[in-house]
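Welcome, and thanks for taking a look at this one with me. Below are some notes to help you find your way around.

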Amino acid sequence: MSSLHLYNTLTRSVEPFVAKVPGEARVYVCGPTVYDIAHAGNARPAVVFDVLVRHLAAKGNRVTYVRNLTDVDDKIVERARERGEEPLALSARMAPIYQADMRALGCAAPTHEPKVSETIPEIVALVATLVANGSAYVAEMPSGARDVYFSVRSFEGYGKLSRRQIDELEVGARVEANESKRDPLDFALWKGCSTDDAFGWASPWGKGRPGWHIECSAMSAKFLGHGFDIHGGGMDLIFPHHENEIAQSEAAHPGEGPLARVWMHNGFLNVDKEKMSKSLGNFVRPCDIYESNDPEALRWVYLSVQYRGPLSFDLEKTDTRVVYPGVDEAERRVDYVYATLDRLHAAAASADDVEPGAKELAAFARVIDGARKRVEAALDDDLNTPVALAVVGELAKASNELCDTLEKRRKDARLLAVGGALAVRAEVALRSSLDVLGLLHTTAEAYAERTRERRLRVRGLDVATVSAKIAERVAARAAKDFARADVLRAELDASGVELADGKDGTQWRVRV
RNA sequence: GGCGAGGUAGCCAAGUGGUUAGGCAACGGUUUGCAAAACCGUCAUACGCGGGUUCGAAUCCCGUCCUCGCCUCCA
């Protein structure tokens, strides 16, 4: 068994993963701020770290996976005010949408999914600890409200994650004017409310709410303790969010070592080489993509690139709708793998207890029996999912070739028995490889049904019309009227329906 | 300005010193009444540019051009 190596932002190098407690892995990932529906960029870390967690578990680790939901935040307050809604009502509405979008993408629910609003006592206690040991101070605002700030210069290791020098930060800092801060670099742990009816919670410093970074320090400590194994999130969180998390948590636990041993950061989605973002307006949401494509195809797209690099996400606007060529391509691959799984399952039926010895199948056996280990090795190499997908592709190809061979030589009972046994192994290897990637979670039938339904809708077709034309063509073929049959085929093809004439009649499917 | 990522065949994308990445598109073939699917083959001795180290470099070193990100809310 190979061993897992991960790129650690803290050391800027790939290093062997060594869990604090052998056999256990504690992972914390920064979840979304639920002020709006997630866009496709927000979903990347969910997929990336879902694969990490699956891989850790497949390697025999007991994994505790925490991904928070930030439901208290300036953006939420602002958006809620715009809509005349209570902040917590807004976030309570958005959180389930996020969860459903991620579930559709094949992301398993985290072990714990804490909310800021349910962690207030822990946050207040953490802030109080930092005030008590001199890492933070209370500042009176002109309005009479009291804020609490973290004193950045009091923390010796500040900048170690993002490799920033405090003094250089200060020069280039675009810092909001705030006279109550002792140093422009200091950041808020607690924001006091200026009026009593404002949104907030009671605290030793009056009514208020947590600053942006403190929540994650409190929530990770609550469920994982100080000094857990892996902390993940998007690259834009390195500074200031994760830098500040480190400062707060390590200042609150002096002498207890680093907050997390490994820091992992995923790259962004790019549209036309620019970062996908709300402010640029160049974003699409998973729920938009699900109109055109299967969620599993979108997941395939995320996995087709190594997680640290940028992922270029293409979209093209047609007259009537937006299409996603990359997702379309991925969906054809998903189709292919589901179809392969189906064929293998059929071929496996002829498996029999025979001693192996079919020389002509030896090459297939090599590919099939080596595949799962190659997937593991790829994931061990800092989650090299593109290579893992390549292995899946090679396994599927060998599987199809095996099935072709068995169909061609269906009279050879011994070969069928040996080949069937091989098909059983191929099916297991393929399933297991896809499982660790979180792909192909449903049955081929269910997938075919839901994609057919969606593709018909997208193309404005209905089953009755298609079926009628197919029936007409079947009759024409039976009457050897191939000219008429070909006209009907061409018509269907033009509308996006592909036909496959087989021994068991004519099958059809709608193109992506 | 500081820190960081990247430029690999028509397109997407692995690979960090020597032996096939993989996929898509295109074209040719096996199969088929014709097709589709599947499979085989071609495109593919490609690695931004210029030097250097080496028996050997996409991979290491120096220089250089370009793209993008973070430094302000951001996955």
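1. A good place to begin is helix H6, which covers residues 214–224. Eight of the eleven residues in H6 are buried, so this helix is largely enclosed by the rest of the structure. The buried residues of H6 are Ile214, Glu215, Cys216, Ser217, Ala218, Met219, Ser220 and Leu224. Just past the end of H6 you will meet Gly225, whose phi is positive, at about 80°.

2. Now a step back for the overall view. Please keep in mind that this is a predicted model. Chain A contains 16 helices and 17 strands, and its C-alpha atoms fill a box of roughly 90 × 55 × 35 Å along the principal axes. Of its 512 residues, 50% count as buried. If you take the contacts in chain A with a separation of 6 or more, 76% of them are between residues 24 or more positions apart.

3. Helix H7 is another one to look at. H7 runs over residues 238–252, 15 residues in all. From first C-alpha to last, H7 reaches 20 Å, close to the 21 Å expected at 1.5 Å a residue. H7 is also mostly covered, with 13 of its 15 residues buried.

4. Next, a hairpin. Strand E5 (residues 136–140) and strand E6 (residues 146–150) run antiparallel and are joined by five bridges. To get your bearings, find Val138, which stands opposite Val148 in E6. Five residues lie between the two strands, and in this hairpin Gly144 takes a positive phi near 100°.

5. Which side chain of opposite charge is nearest to Asp73? The answer is Lys75, at 4.7 Å, and Asp73 has no salt bridge although it is buried. A salt bridge here needs a nitrogen and an oxygen within 4 Å. The backbone of Lys75 is another matter: its nitrogen lies 2.6 Å from a polar atom of the Asp73 side chain. Asp73 sits in the loop between strand E4 (62–67) and helix H2 (74–83). Leaving out residues up to four places away in sequence, Asp73 touches Thr33, Arg209 and Trp212.

6. Arg209 comes up again with Asp74. The side chains of Asp74 and Arg209 meet in a salt bridge, with N and O 2.6 Å apart. This pair links distant parts of the chain, since Asp74 belongs to helix H2 and Arg209 to strand E8 (residues 208–210), 135 residues apart. Are the two partners buried or exposed, or something in between? Asp74 has a relative accessible area of 35%, so it is partly exposed, while Arg209, at 15%, is buried.

7. There are 41 salt bridges in the structure, and a few others are worth your time. As a general point, side chains of opposite charge can pair when their charged atoms come close. Asp167 forms a salt bridge with Arg153, with the closest N and O atoms 3.4 Å apart. Here too the pair links distant parts of the chain: Asp167 is in helix H5 (residues 166–172) and Arg153 is in the loop between E6 and H5, 14 residues apart. Asp167 is exposed, at 54% relative accessible area, and Arg153 counts as partly exposed at 43%.

8. Two further items on charged side chains. Arg26 and Glu24 meet through their side chains in a salt bridge of 3.1 Å, N to O, and Arg26 counts as partly exposed because its relative accessibility is 27%. Elsewhere, a network of salt bridges links Glu331, Asp335, Arg454, Arg455, Asp493, Glu498, Arg509 and Arg511.

9. Finally, a stop at Leu315. Leu315 lies in the loop between strand E13 (311–312) and strand E14 (316–317). With a relative accessible area of 26%, Leu315 is partly exposed. What is Leu315 in contact with, leaving aside neighbours within four places in sequence? Its partners are Val271, Val284, Val322, Val323, Tyr324 and Pro325. Leu439 is 124 residues from Leu315 in sequence, and their C-alpha atoms are 23 Å apart in space.

Key. Residues are numbered from 1 along each chain as its sequence is written. Chains are lettered from A and ligands numbered from 1 in the order in which they are written. This is a predicted model: local features need pLDDT of at least 70, side-chain atom pairs count only at pLDDT 80 or more; totals for chains, interfaces and linings use all residues. Side-chain values use heavy atoms; hydrogens and water are left out. Helices (H or I, at least four residues) and strands (E, at least two) are DSSP runs, numbered from the N terminus. Buried means under 20% relative accessible area, exposed over 50%, partly exposed in between (1.4 Å probe, protein chains only). Lys and Arg count as positive and Asp and Glu as negative; His and the chain ends are not counted. A polar contact is a pair of N or O atoms within 3.5 Å; within protein, one must be able to donate a hydrogen and the other to accept it, and residues adjacent in sequence count only if both atoms are side-chain atoms. Contact means heavy atoms within 4.5 Å. Two strands pair if DSSP finds at least two bridges between them. The expected span of a helix is 1.5 Å times one less than its number of residues.
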